[in-house]
Amino acid sequence: MDRKSLRESLENYRTPFEEEASFLEDFIQLTYDEKAYLRERLQGHFTASAWIVNKTRTHTLLTLHRKLNRWLQLGGHADGNENLLEVAMLEAQEESGLSSLRFVDRRIFDIDRHMIPQRGDVPEHFHYDVRFLIEAESDEPLQISSESMDLAWMPFDAVEDLVGNSPSILRMLEKTSKSEILM
């Protein structure tokens, strides 16, 4: 996936969720910015995430993010890599230690624009997060990375209590339970 194919994927992306639809055009416009994949673009930049599910579609893998102190899906900065599929997979591998990861589908699963708070001399800024659906073996040992305080497979019915009011995670959870590409 390069910049052009990301733009085409975004132009063809359809969602019934109003929040996603409200910032879709911003994602498309960002693909025209030469610095869109660099964290040095302080107004905001692309990131990629993995919504990881087990094969029976009963659990998702979440990380307790060290800097944000919140349970989130795995993912991170593109750091110049315009192949967000690759970024999502690399981040998932680095943050989980799993080797059984595989894309359920290479199409965009979800998009989310969210504000990252100021940290040190880096001002608050947007992450334009492109998410992909990935499957893994839930019995494979996990390795917690330095970016996490914890890492755990969470039953779908416990996710809402764990993440609280996190619309984008709840949206991905809802998509998972409704998706036809899951098995």
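**Nonpolar cores and the packing of helix α4**

In this predicted model, Phe46 touches Leu6, Phe27, Leu30, Thr31, Ala36, Tyr37, Ala78, Leu84, Tyr128 and Val130, when residues up to four places away in sequence are not counted. A second, separate core comprises 17 residues, among them Phe109, Ala152, Phe156 and Val163. The largest nonpolar core holds 35 residues, of which Phe46, Ile52 and Leu84 touch the most other members. Two or more residues are given to this largest core by each of α1 (3-12), α2 (18-30), β1 (44-54), α3 (84-96), β7 (125-136) and β8 (148-155), and the greatest contribution, six residues, is that of α3.

Strand β8 also contains Met154, which counts as buried because its relative accessibility is 13%, below the 20% limit for that class. Apart from neighbours within four places in sequence, Met154 is in contact with Thr58, His59, Thr60, Leu62, Trp71, Val159 and Leu162. Between Met154 and Thr63, which lie 91 residues apart in sequence, the C-alpha to C-alpha distance is 9.9 Å.

Helix α4 spans residues 156-163, and Phe156, Val159 and Val163 are buried within this helix. Viewed down the axis of α4, these buried residues fall within an arc of 15°, so they line one face of the helix. In an α-helix there are 3.6 residues a turn, so residues three or four places apart point the same way. Asp157 and Asp161, on the other side of α4, are exposed. The buried residues of α4 are covered by elements including β1, β2 (59-65), β3 (71-72), β8 and α5 (167-178). After α4 comes Gly164, with a positive phi near 65°.

Definitions and conventions
Residues are numbered from 1 along each chain as its sequence is written. This is a predicted model: local features need pLDDT of at least 70, side-chain atom pairs count only at pLDDT 80 or more; totals for chains, interfaces and linings use all residues. Side-chain values use heavy atoms; hydrogens and water are left out. A nonpolar core is a set of buried Ala, Val, Leu, Ile, Met, Phe, Trp, Tyr and Cys residues joined through side-chain atoms within 4.5 Å. Buried means under 20% relative accessible area, exposed over 50%, partly exposed in between (1.4 Å probe, protein chains only). Helices (H or I, at least four residues) and strands (E, at least two) are DSSP runs, numbered from the N terminus. Contact means heavy atoms within 4.5 Å. The arc is that of the directions from the helix axis to the C-beta atoms.
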